[in-house]
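Trainee: I'm new to this one, and I'd like a close look at a single part. Could you walk me through the ligand site and whatever connects to it?

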Amino acid sequence: MTTLKGHQLLPYLPRIRKDTPGFLLDCARRYGDWVHFDMGVTQAFFINHPDAVRHILQENHRHYTKDTLQYRTLALITGQGLLTADGEMWLEHRRLLQPAFARPHLMALDEVVLPVVERMLQRWEHLVARQAVVDVDHEMLETALEVVGLALFGLDLSREAPQLVRAVLTALDYVIYRAQNLVVPPLNWPTPRNRAFKRALGELERAVDAILDTQRDKDARGENLLSLLVQAEQAGRMSRQQVRDELVTMIVAGHETVATALTWTWYLLTQHPEVEAALLDEIDTVLDGRPPTREDLPKLTTTAHVFAEALRLYPPAWLITRRAIAEDVWMGHPIPPGALIIMSPYVLHRHPAFWDEPEAFRPERFADEKARTYHRFAYIPFGGGPRLCIGNHFALVEAQLILSRVLQRFRLVFAGAGPVQAEPLVTLRPKGGMPMRLIAREGR
Ligand code: HEM
């Protein structure tokens, strides 16, 4: 274990602020899998060995909470929703909401995703004619939000999507600003940033009110997420505030992550024509011109591997933190109570002992039987243990459907000036968006 004292970290501060994933990657390369940041009152451990990550997230998860700056600031938006809550309340809500992500719902996702994608493709038809450059990042955000609306709430959010996407991005910007600055003006001061954040929160509140209003008129016996929440409120198992927090959590966590991962996938495909060609070949062979259905998913393996590899290189959730609530020891390394644990999928996914040529985009590594035996905790785009992402299968099915349907109709060509930088915000976002030119595939 290497210990870095506060003063040794000082020279790195500008880098830490500007490029935390890059700093953590260097740190792991230079100091190994277990780095101790000794900052006096704050003791932090940066953990980069899959066994240690499994220990924290799974084997000894009861020793750890989400009471960290990362989740406390996120809770300014999501309150005590699943992503940020801890303890009994988290467990009760997780059990309550899990049925909304059960297999039959996931299998029916094609009925939800395809109409949404179709709307986007119709828009794209017009843009192709004008040879317009499209911000694919934005397109993915709106599309993924509409999927959440239809799949989880049974609602068409297409009219509200542009505004809601903007509100979520503004709110998340504020969260990052709060997390990166030790001293910030209190929220009740009318600074432009505070006002923008409050406006964004207001937008989300209004959306939640509208969503709940539509449900009141309906019979709440269904098993989509919204009905489960309304039933829980009616049965007195959840307060109105808790219902609000879970709805906002699903809106925020359920679309920005998937959209960002898809956006990076499009980018990687434009940079790797040989992978794109293999993917087009698979899609044309398996689908033969028909839109994909649930039955096609097991056959669209290259599509799944391309998305898995994009999640490896650009994991939207690039940082996972925990706080130790009791003393713990891993392989002789003591972890005192109160210590901050830092884990980074971005860094773990590049661990040279667990990945060959970690920087290379090679989707086939997920097809290779040998590579498939990679350490389960060396690949954690969705986290692990009991706090594993509730939407992981949902995201994978959604991505396979969107990628295959879009590629049947269009090829995307990068139209930016230079390489796109990854900006480590709440998720790992493409800096400046993702400009692409669309090319209609002939005869399709
Ligand atoms: C949790 C990533 C899609 C809802 C998480 C965690 C990660 C993650 C890493 C665990 C965080 C931790 O342990 O600290 C992703 C990625 C996605 C994605 C990369 C897409 C590619 C979704 C979707 C939904 C969703 C589609 C909802 C529809 C949630 C929720 C939690 C969560 C509610 C908290 C679960 C709990 O603690 O019980 N996600 N997620 N996510 N995710 Fe996702």
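Mentor: Here is a walk around the ligand, then out along the elements beside it. Keep in mind that this is a predicted model.

Let's start with the iron. Cys389 is the only protein donor of the ligand's iron atom, and its SG sits at 2.3 Å. You'll find Cys389 in the loop between helix 17 (369-372) and helix 18. Cys389 also turns up among the closest residues to the ligand, along with Tyr71, Trp90, Arg94 and Arg387.

Now step back to the whole shell. It's made of 28 residues that surround the ligand. By type, they split into 19 nonpolar, 5 polar and 4 charged. Four elements each supply at least two of the shell residues: helix 6 (87-97), helix 13 (240-271), strand 6 (320-324) and helix 18 (392-409). Helix 13 gives the most, with 6 residues.

Next, look at the oxygen atoms of the ligand. A polar side-chain atom of Arg322 comes to 2.7 Å from one such oxygen. Lys66 also has a polar side-chain atom by a ligand oxygen, this time at 3.4 Å. With Leu82 the backbone does the job: one of its polar backbone atoms is 3.4 Å from an oxygen of the ligand.

Let's follow helix 18 for a moment, since it came up with the shell. It has 18 residues, and at 1.5 Å a residue they should span 26 Å; the end C-alpha atoms are indeed 26 Å apart, so expectation and model agree. Most of this helix is covered, with 16 of its 18 residues buried.

Helix 6 is worth a stop too. Leu91 lies in it, and this residue counts as partly exposed because its relative accessibility is 26%. Now find Pro386 on your screen. Leu91 and Pro386 are 295 residues apart in sequence, yet their C-alpha atoms are 9.2 Å apart in space.

Finally, the charged pairs. Side chains of opposite charge can pair when their charged atoms come close. In this model the count comes to 31 salt bridges. One of them joins Arg429 and Asp137, with N to O at 2.8 Å. Arg429 belongs to strand 12 (residues 428-430) and Asp137 to helix 9 (residues 136-153), so this pair ties together parts that are 292 residues apart in sequence. Neither partner is out in the open: Arg429 is buried at a relative accessible area of 7%, and Asp137 is buried at 5%.

For another pair, try Asp245 and Arg244, whose closest N and O atoms are 2.9 Å apart in a salt bridge. Both of these residues are buried. Glu364 and Arg362 make a salt bridge as well, with their closest N and O atoms 4.0 Å apart. Here Glu364 counts as partly exposed, at 44% relative accessibility, and Arg362 is partly exposed with a relative accessible area of 22%. Some bridges share partners, too: Glu118, Glu125, Arg405 and Arg409 are joined that way into one network.

If you want one place to go back to, pick Cys389, the iron's only protein donor, and then trace helix 13, which gives 6 residues to the shell.

Methods. Residues numbered from 1 in each chain as written. Predicted model: local features only at pLDDT ≥ 70, side-chain atom pairs only at ≥ 80, totals over all residues. Heavy atoms only, no water. Near = heavy atom within 4 Å. Polar contact = N/O pair within 3.5 Å; in protein donor to acceptor, adjacent residues only side chain to side chain. Nonpolar A, V, L, I, M, F, W, Y, C, P; charged D, E, K, R; others polar. Donors = N, O, S within 2.8 Å, 3.2 Å for Na, K, Ca; no water. Expected span 1.5 Å × (residues − 1). Buried < 20%, exposed > 50% of the residue type's maximum accessible area, 1.4 Å probe, protein only. Salt bridge = Lys/Arg side-chain N within 4 Å of Asp/Glu carboxyl O.
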